[in-house]
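This briefing sets out selected local features of one protein model for a reader working at the bench. The points are grouped by topic and may be read alongside the sequence and the structure.

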Amino acid sequence: PGDVLLRCASDIAVEARTAIRAATGLRCSAGVAHNPLLAKLASGLHKPDAQTALPAAEASAFVRDLPLRAFPGIGARAELALREGLGAETAGDVRAHALSAVARALARGG
């Protein structure tokens with residue numbers, strides 16, 4: 001069922017991008033995934049005029065090597081706290097630590 005929904009959502013994104021281009025002449029990118037955060041991250045992969053569909057089974061591998069600042073809400077202070085507290089540079093680095101360690105690093109840094 002997830003793959004069918006992903007294909008349907010991808011088709012809708014193609015139609016939306018085509019309509020935007022026809023109406024405005026502007027190009028746009030789109031990301032399609034099983035949640036809004038992953039869709040936003042995926043949309044940035046093929047700018048300015050393409051789309052990326054991210055199956056749920058590939059989500060963990062997709063985010064693993066992303067830098068911390070790629071994630072909404074991770075600003076300079078949180079990035080620094082995670083780097084200094086955990087030695088983390090990527091989402092995968094953070095995932096290697098217990099949630100309690102991540103919380104401590106963020107609490108010390110903020």
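Helix H4 passes helix H6 in a right-handed crossing. In this predicted model, H4 covers residues 76-86 and H6 covers residues 99-109, and the two pack at an angle of about 120 degrees with their axes 8 Å apart. The points below begin with this pair of helices and then turn to helix H2, the loop that follows, and strand E2.

**Packing of H4 and H6**

- The two helices are oblique to each other, because an angle that is neither under 35, over 145 nor within 65 to 115 degrees is classed in this way.
- On the H4 side, the residues that meet H6 are Arg 77, Ala 78, Ala 81, Leu 82, Gly 85 and Leu 86.
- Their counterparts in H6 are Ala 101, Val 102, Ala 105, Leu 106 and Gly 109.
- By class, this contact of H4 with H6 comprises eight nonpolar, two polar and one charged residues.

**Helix H2 and its surroundings**

- Helix H2 spans residues 36-43, and Leu 38, Ala 39, Leu 41, Ala 42 and Ser 43 are buried within it.
- The elements that cover these buried residues include strand E1 (30-32), strand E2 and helix H3 (59-64).
- At the start of H2, Asn 35 places a side-chain oxygen within 3.1 Å of the backbone nitrogen of Leu 37.

**The loop between H2 and E2**

- Pro 48 is located in the loop between H2 and E2, and the peptide bond that leads to Pro 48 from Lys 47 is cis, with omega near 10 degrees.
- Asp 49 also belongs to the loop between H2 and E2.
- With a relative accessible area of 32%, Asp 49 is partly exposed, since this class lies between the limits of 20% and 50%.
- Neighbours within four places in sequence aside, Asp 49 is in contact with Arg 17, Arg 21, Arg 27 and Cys 28.
- With one of these residues, Arg 21, Asp 49 forms a polar contact between side chains at 3.0 Å.
- Asp 49 and Ser 29 are separated by 20 residues in sequence, yet their C-alpha atoms are 4.9 Å apart in space.

**Thr 52 in strand E2**

- Thr 52 lies in strand E2, which runs over residues 51-53.
- Thr 52 has a relative accessibility of 12% and therefore counts as buried, the limit for that class being under 20%.
- Apart from neighbours within four places in sequence, the contacts of Thr 52 are Ala 30, Gly 31, Val 32, Ala 42, Leu 45 and His 46.
- The side chains of Thr 52 and His 46 are joined by a polar contact of 2.5 Å.
- Thr 52 and Ala 39 stand 13 residues apart in sequence, with a C-alpha to C-alpha distance of 8.3 Å.

Terms used
Residues numbered from 1 in each chain as written. Predicted model: local features only at pLDDT ≥ 70, side-chain atom pairs only at ≥ 80, totals over all residues. Heavy atoms only, no water. Helix = DSSP H or I, 4+ residues; strand = E, 2+ residues; numbered from the N terminus. Buried < 20%, exposed > 50% of the residue type's maximum accessible area, 1.4 Å probe, protein only. Polar contact = N/O pair within 3.5 Å; in protein donor to acceptor, adjacent residues only side chain to side chain. Contact = heavy atoms within 4.5 Å. Axes fitted to C-alpha atoms, helices over the stretch in contact; angles between N-to-C directions. Left-handed = near helix turned anticlockwise from the far one by under 90°. Nonpolar A, V, L, I, M, F, W, Y, C, P; charged D, E, K, R; others polar.
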